[in-house]
Amino acid sequence: MTPSAWDETTVRRVIDAHKERPGALLPILHALQTEFGHVPRGSVPLIAEALDRSRAEIHGVISFYPHFREQAPGAHVLQICRGESCLAMGGEHLAEHAKERLGCEFHGTRADGAVTLEPVYCLGQCGCSPALQFDGEVYGRMTPARLDELLRAKGLV
């Protein structure tokens, strides 16, 4: 799904669909990120007003969870698992290789906008560590060489 461009009407529709639920903030944030590819800054005051919370509280939740992004991601999203099993099986080496190969840090996007690199804190692939997710598809037993193959196959190196 291609993310939508910022649209206040869409933001209000998403908020209205969830605001009466108990614990509505997280479902709203997830729905906005699904819709836009990130949680647009302009949505924060609208959420705060609808839920009768401060903007600081909404921003605090967005910044607390590494899953949420405040900037639109690159054309592709590469998430590397940072869970204990993946780290124990070479995940740190894999992460460093990805940073070097892409030329950006976690929460960053390659200069050409092609790939955003993100940490993720468990993909449920502990038996196949280390794991990563590329555009929603999970890959286990990942090595730097296999990552290079994946990036080549996607036309990104």
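These are my notebook entries on strands, ring pairs, cysteines and salt bridges in a predicted model.

**Entry 1. Strand β3 and its partners**

I began with strand β3, residues 115-120, and looked up how far it is covered. Six of its six residues are buried. I then sorted the residues by face. Val115, Leu117 and Pro119 lie on one side, Thr116, Glu118 and Val120 lie on the other, and all of them are buried. I note that Glu118 and Thr116 are among these buried residues.

Next I looked up the strands that pair with β3. Strand β1, residues 76-81, runs parallel to β3 and is joined to it by six bridges. Strand β2, residues 108-109, is antiparallel to β3, and the two are paired over two bridges. Which residue of β3 is the bridge partner of Gly108? I found Leu117 in that position. Leu117 also has Leu78 standing opposite. I therefore record Leu117 as buried, facing Leu78 and bridged to Gly108.

**Entry 2. The β2-β3 hairpin and Arg110**

I followed the chain through the hairpin of β2 and β3. Five residues stand between the two strands, and Gly113 in this hairpin takes a positive phi near 75°. Arg110 is found in the loop between β2 and β3.

Is Arg110 buried or exposed? I found a relative accessible area of 14%, so Arg110 counts as buried. I then looked up its surroundings. A polar atom of the Arg110 side chain lies 2.7 Å from the backbone oxygen of Leu156. Setting aside residues up to four places away in sequence, Arg110 touches Leu102, Cys104, Val115 and Leu156. Leu156 thus appears both in the polar distance and in the list of contacts. Val115, another of the residues touched, belongs to the buried residues of β3.

**Entry 3. Cysteines**

Cys104, in contact with Arg110, led me to the cysteines. I searched the whole structure for disulfides and found zero. The sulfur of Cys104 has its closest cysteine sulfur in Cys81, at 18 Å, which is too far for a bond. Cys104 is buried, at a relative accessible area of 8%.

I also looked up Cys122. Its closest cysteine sulfur is that of Cys126, at 4.3 Å, and this too is too far for a bond, because a disulfide requires the sulfur atoms to be within 2.5 Å. Cys122 is partly exposed, at 46% relative accessibility.

**Entry 4. Aromatic pairs**

I counted three aromatic pairs in the structure. Trp6 and Phe36 form a tilted pair, with 6.3 Å centre to centre and 35° between the planes. Trp6 lies in the segment before α1 (8-18) and Phe36 lies in helix α2 (residues 25-36), so this pair ties together parts that are 30 residues apart in sequence. Trp6 is partly exposed at 44% relative accessibility, whereas Phe36 is buried at 3%.

Phe64 and Tyr65 form an edge-to-face pair, with 4.9 Å centre to centre and 85° between the planes. I recorded Phe64 as exposed, at 60% relative accessibility, and Tyr65 as partly exposed, at 34%. Ring pairs link these two residues with Phe68 into a cluster.

**Entry 5. Salt bridges**

I counted eleven salt bridges in the structure; the following are among them.

Glu8 and Arg12 form a salt bridge, with the closest N and O atoms 2.9 Å apart. The two residues are four apart in helix α1, about one helical turn. Both are partly exposed: Glu8 at 38% relative accessibility and Arg12 at 37%.

Arg13 forms a salt bridge with Glu35, the closest N and O atoms being 3.7 Å apart. This pair links distant parts of the chain, since Arg13 is in helix α1 and Glu35 is in helix α2, 22 residues apart. Arg13 is partly exposed at 48%, but Glu35 is buried at 17%.

Asp148 and Arg101 meet in a salt bridge of 2.9 Å, N to O. What does this pair tie together? I placed Asp148 in helix α6 (residues 144-153) and Arg101 in helix α5 (residues 84-102), so the pair ties together parts that are 47 residues apart in sequence. Asp148 is buried at 11%, and Arg101 is partly exposed at 39%.

Finally, I noted a network of salt bridges that links Glu96, Lys99 and Glu105.

Key: Residues are numbered from 1 along each chain as its sequence is written. This is a predicted model: local features need pLDDT of at least 70, side-chain atom pairs count only at pLDDT 80 or more; totals for chains, interfaces and linings use all residues. Side-chain values use heavy atoms; hydrogens and water are left out. Rings of Phe, Tyr and Trp (its six-membered ring) pair if their centres lie within 6.5 Å; planes under 30 degrees apart count as stacked, over 60 as edge-to-face and the rest as tilted. Buried means under 20% relative accessible area, exposed over 50%, partly exposed in between (1.4 Å probe, protein chains only). Two strands pair if DSSP finds at least two bridges between them. A polar contact is a pair of N or O atoms within 3.5 Å; within protein, one must be able to donate a hydrogen and the other to accept it, and residues adjacent in sequence count only if both atoms are side-chain atoms. Contact means heavy atoms within 4.5 Å. A salt bridge is a side-chain nitrogen of Lys or Arg within 4 Å of a carboxyl oxygen of Asp or Glu.
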